[in-house]
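I opened the file with a short list of things to look up. The entries below follow the order in which I went through them.

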Amino acid sequence: MPKTFLKLSLAASAVALMAGSGWAQESSDPIKLTLHDWTGQLITTNLMGEVLKQAGYNVEYVQADYLAQFAGLESGDLHVAMEMWETTGRDAMDASTATGKTEVFGPTGMKAKEEWWYPSYMKEKCPGLPNWEALKDEACAEAFSTAETAPKGRYLGGPVTWGGFDDERVEALDLPFEVIHAGTDAALFAELESAYQRQAPIMLWIYAPHWAPAKYEGEWVEFPEYTAECYNDPAWGSNPDMAYDCGKPFGEIWKVGWAGVKDKWPGAYDAIKAFTIDNDEMGQMITEVDLDGKTVEQVTAEWMAANEGRWKAWIGQ
């Protein structure tokens with residue numbers, strides 16, 4: 001076969017192959033996935049990124065603020081956020097998708113719970129728990145106090161960037177508590193470990209999926225049940241003048257991103273929408289990183305090896 005004809009034939013075959021895969025018109029620009037400051041989100045994002053790399057995509061991981069990232073997603077400077085929690089991110093997500101510049105890529109498969117949590121040994125000092133109204137009792141609040149907050153109770157919230165409206169909740173429900181925000185996810189759980197070992201008072205933000213609710217014996221506070229009106233209509237609830245007089249919402253953990261992903265990288269868009277993982281899987285991987293000393297990259301690689309058939313289906317292989 002003449003060399004020129006051979007080259008043309010090979011080129012034609014390559015074009016046909018790409019067209020058949022649906023990737024012929026896809027961009028080689030990097031797909032930018034956002035990284036936040038808790039272990040589970042780092043794992044979820046690395047899983048998605050490594051799957052996309054296996055499909056031949058150029059992937060870039062970008063550190064970004066959980067709520068402020070929407071400016072970058074709307075402009076197309078950032079592309080995919082793998083975890084927006086119904087508990088804390090719903091308002092920001094809805095406001096962003098209303099612009100038409102971002103899109104919800106569907107649920108991750110994980111169910112979110114985030115709320116005030118206390119160890120079971122604290123119940124004898126505040127026997128009305130888990131009912132939130134027990135926290136209004138001055139003796140109960142003082143049982144949760146520290147030197148810096150006494151006589152008010154101390155509530156250890158997540159990093160400020162996580163949102164959650166805990167400061168507003170304390171004010172709206174007139175709780176004699178002071179909100180102190182942990183600087184990082186690691187600091188939050190290090191303080192829990194220290195307090196639990198000493199049987200010291202602690203009330204803090206605990207979330208699931210995570211290893212903490214399984215490792216430590218305790219309960220979530222039962223606040224008035226969340227409704228959208230609670231967050232948006234001050235007249236709702238026990239405080240007629242303030243919003244946030246209820247607990248946090250429970251529900252899905254969503255995938256969200258730039259609305260242009262589906263046109264620029266349609267194959268990646270399909271894979272992102274197909275991605276799913278459950279609480280048990282994620283809880284186990286978080287445990288391996290936070291408690292067993294593995295790296296995010298190690299647990300990602302092990303999951304990829306153990307679930308090859310599953311993730312290959314996401315990318316059509």
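Is T34 buried or exposed? I noted beforehand that the model is predicted. T34 has a relative accessibility of 0%, so I entered it as buried, the limit for that class being under 20%.

Entry on T34. I placed this residue in strand β1, which covers residues 31-35. I then looked for a partner of its side chain and found Q69, with a polar contact of 2.8 Å between the two side chains. Next I listed what T34 touches, leaving aside neighbours within four places in sequence. The list reads Q41, T45, V62, A64, Q69, L78, V80 and A81. Q69 thus appears both in this list and as the side-chain polar partner.

Entry on Q41. Since Q41 is among the contacts of T34, I went there next. I found Q41 in helix α2, residues 39-54. Its relative accessibility is 0%, so Q41 also went down as buried. Which atom of T34 does the side chain of Q41 approach with a polar atom? I found the backbone oxygen of T34 at 2.8 Å from a polar atom of the Q41 side chain. Leaving aside neighbours within four places in sequence, I have Q41 in contact with T34, L35, H36 and E83. I also checked one distance along the way: the C-alpha atoms of Q41 and K273 are separated by 17 Å, and the two residues are 232 apart along the chain.

Entry on cis peptide bonds. I looked at two bonds that lead into proline. The bond joining A150 and P151 is cis, with omega about 5°. I located P151 in the loop that runs between α5 (138-143) and β5 (153-157). The bond from A208 to P209 is cis too, and its omega is near 15°. For P209 I noted the loop between β7 (204-208) and α8 (212-215).

Entry on positive phi. I looked up two residues other than glycine with a positive phi. F165 has phi near 65° and belongs to the loop between β5 and α6 (166-172). Its relative accessibility is 23%, so I classed F165 as partly exposed. D174 has phi near 55° and is in the loop between α6 and β6 (177-181). With a relative accessible area of 57%, D174 counts as exposed, because the class begins over 50%.

Entry on a helix pair. At what angle do α12 and α13 pack? I read about 140° for α12 (residues 279-290) against α13 (residues 296-306), with the axes 9 Å apart. Roughly antiparallel would need an angle over 145°, so I wrote the pair down as oblique. The crossing of α12 past α13 is right-handed. Which residues meet in this contact? From α12 I listed E281, M285, E288 and V289, and from α13 V296, V299, E302 and W303. By class, the residues of this contact are five nonpolar, three charged and no polar.

Key:
Residues numbered from 1 in each chain as written. Predicted model: local features only at pLDDT ≥ 70, side-chain atom pairs only at ≥ 80, totals over all residues. Heavy atoms only, no water. Axes fitted to C-alpha atoms, helices over the stretch in contact; angles between N-to-C directions. Helix = DSSP H or I, 4+ residues; strand = E, 2+ residues; numbered from the N terminus. Parallel < 35°, antiparallel > 145°, perpendicular 65-115°, else oblique. Left-handed = near helix turned anticlockwise from the far one by under 90°. Contact = heavy atoms within 4.5 Å. Nonpolar A, V, L, I, M, F, W, Y, C, P; charged D, E, K, R; others polar. Buried < 20%, exposed > 50% of the residue type's maximum accessible area, 1.4 Å probe, protein only. Polar contact = N/O pair within 3.5 Å; in protein donor to acceptor, adjacent residues only side chain to side chain.
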